[in-house]
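This report describes one protein chain, its helices and a few chosen residues. Please keep the sequence and the 3D view open while reading.

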Amino acid sequence: MDHMFRRIQYRIYDLINKDKKGMWASRLYDWYMLVMIIASIVPLMFIEDYPIFTTIEWITVSAFIVDYIFRWLTSNILLKRGWVSYLIYPFTPMAIIDLLSILPGFGLINPEFKLLRLTRLLKIVRLLKLFRYSHKITMFFRVLVKERSVLLSVLVLAIFYILITALIMFNIEPHTNPITGEQTFNSFFDAVYWATVTLTTVGYGDLTPVTDVGRFISMISSLFGVAIIALPSGVITASYMEELKEYKEQQAAEALKKQEENPEKRDELEEPVLSLFSSL
């Protein structure tokens, strides 16, 4: 009985996890879950609530529940800690995301609770489930973790520059535009907001300096912002290309290993090629 349960566990584990063995059922399951995730987000794109949205919600939440149960039942294979895995798994990051994706469907959170429209925001969490089914997104996050020290240094530098320029602008700029009479830099937060959008070279134009010193600082901030944005972009691009190269080499190594494990299949693939060259 225990042996049969273990076999079922491994079958489920191979089905619900990323396709590594060429299982068509695993690929089909991945696509099915992707469709369920996207469908669950569609109602958030409308202001009005239509009856079809309730049906979509129940179908998608049911799929999420089954997926959560499957992953919890096979957590001992994933975490490799015996029966303790069943206790640890609910507290892993992806399991928490899965649970937060399920809760809004049961109405466990009062829909009348208006603070940031928490129920609708929790449904947006379902998009994070996409990370599990995309190699490229997972690869991108590995790049961010790998280059975290460089990116953190750039972030600290940017925050420091934003605070410095915000302090300068807040103290040298008049709080009321002498030409239009409109309020400008009425609070320190306004100055931080201006410094952020200027540093990122966005510049919405809703807050603009009116003094010569303020305009000069705006010019410096725009130029400095180009360098701030270009630095992490180059680091991420180089690291991503390196990660992509390693991924392709790993895929090639796995394909070669499969050929070595199945020499008969390899011979079958080589025969048509050899016959083609012999005919030439």
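In what order do the elements of the protein run from the N terminus on? They run α-α-α-α-α-α-α-α-α-α-α-α.

## Overall makeup

The model is predicted. The protein has 12 helices and 0 strands. Of its 280 residues, 31% are buried.

Among contacts with a separation of 6 or more, 63% join residues that lie 24 or more positions apart. The accessible surface of the protein is about 18900 Å², and carbon and sulfur atoms supply 69% of that surface.

## Helix α6 and its packing on α3

Helix α6 covers residues 93–106. With 14 residues, α6 reaches 21 Å from its first C-alpha to its last, close to the 20 Å expected at 1.5 Å a residue. Its buried residues are Ala 95, Ile 97, Asp 98, Ser 101, Ile 102, Pro 104 and Gly 105.

Two packed helices are described by the angle between their axes and the distance between the axes. For α3 (residues 51–73) and α6, the axes come within 9 Å and cross at roughly 145°. The crossing of α3 past α6 is left-handed. On the α3 side, the residues that meet α6 are Glu 57, Trp 58, Val 61, Phe 64, Ile 65, Asp 67, Tyr 68 and Arg 71. On the α6 side they are Ala 95, Asp 98, Leu 99, Ser 101, Ile 102, Pro 104, Gly 105 and Phe 106. By type, the residues of this contact comprise 10 nonpolar, 2 polar and 4 charged.

## Ile 102

Is Ile 102 buried or exposed? Ile 102 counts as buried because its relative accessibility is 7%, and the cut-off for buried is under 20%. This residue sits in α6.

Which residues does Ile 102 touch, leaving aside those up to four places away in sequence? The partners are Val 61, Phe 64, Ile 65 and Tyr 68. These four names also appear among the α3 residues that meet α6. Ser 62 is 40 residues from Ile 102 in sequence, and the C-alpha atoms of the two are 8.5 Å apart in space.

## Thr 54 in α3

Thr 54 also has its place in helix α3. A relative accessible area of 43% makes Thr 54 partly exposed. Between Thr 54 and Pro 43, which are 11 residues apart along the chain, the C-alpha separation is 9.0 Å.

## Helices α9 and α10

Helix α9 (residues 148–172) has 25 residues and spans 36 Å from first C-alpha to last, close to the 36 Å expected at 1.5 Å a residue. Buried in α9 are Leu 151, Val 154, Ala 158, Tyr 161, Ile 162, Thr 165, Ala 166 and Met 169. An α-helix has 3.6 residues a turn, so residues three or four places apart point the same way.

Phe 170 and Asn 171 are both placed in α9. Phe 170 counts as partly exposed, at 24% relative accessibility. Asn 171 has a relative accessible area of 62% and is therefore exposed, as the cut-off for exposed is over 50%. The C-alpha atoms of Phe 170 and Ala 191 are separated by 5.8 Å, with their positions 21 residues apart along the chain counted as the separation. For Asn 171 and Phe 185, 14 residues apart along the chain, the C-alpha separation is 9.2 Å.

Helix α10 (residues 188–199) has 12 residues, and its C-alpha span from first to last is 16 Å, close to the 16 Å expected at 1.5 Å a residue. Ala 191, the partner of Phe 170 in the distance above, is one of the buried residues of α10. The others listed are Val 192, Trp 194, Ala 195, Val 197, Thr 198 and Leu 199.

## Positive phi angles

Thr 201 follows α10 and has a positive phi, near 60°. Lys 80 has a positive phi of about 60° although it is not a glycine.

Where is Lys 80 found? Lys 80 lies in the loop between α4 (75–79) and α5 (85–88). Its relative accessibility is 66%, so Lys 80 counts as exposed.

Note on methods: Residues numbered from 1 in each chain as written. Predicted model: local features only at pLDDT ≥ 70, side-chain atom pairs only at ≥ 80, totals over all residues. Heavy atoms only, no water. Helix = DSSP H or I, 4+ residues; strand = E, 2+ residues; numbered from the N terminus. Buried < 20%, exposed > 50% of the residue type's maximum accessible area, 1.4 Å probe, protein only. Contact = heavy atoms within 4.5 Å. Areas by Shrake-Rupley, 256 points an atom, 1.4 Å probe, with all protein chains shown as cover. Axes fitted to C-alpha atoms, helices over the stretch in contact; angles between N-to-C directions. Left-handed = near helix turned anticlockwise from the far one by under 90°. Nonpolar A, V, L, I, M, F, W, Y, C, P; charged D, E, K, R; others polar. Expected span 1.5 Å × (residues − 1).
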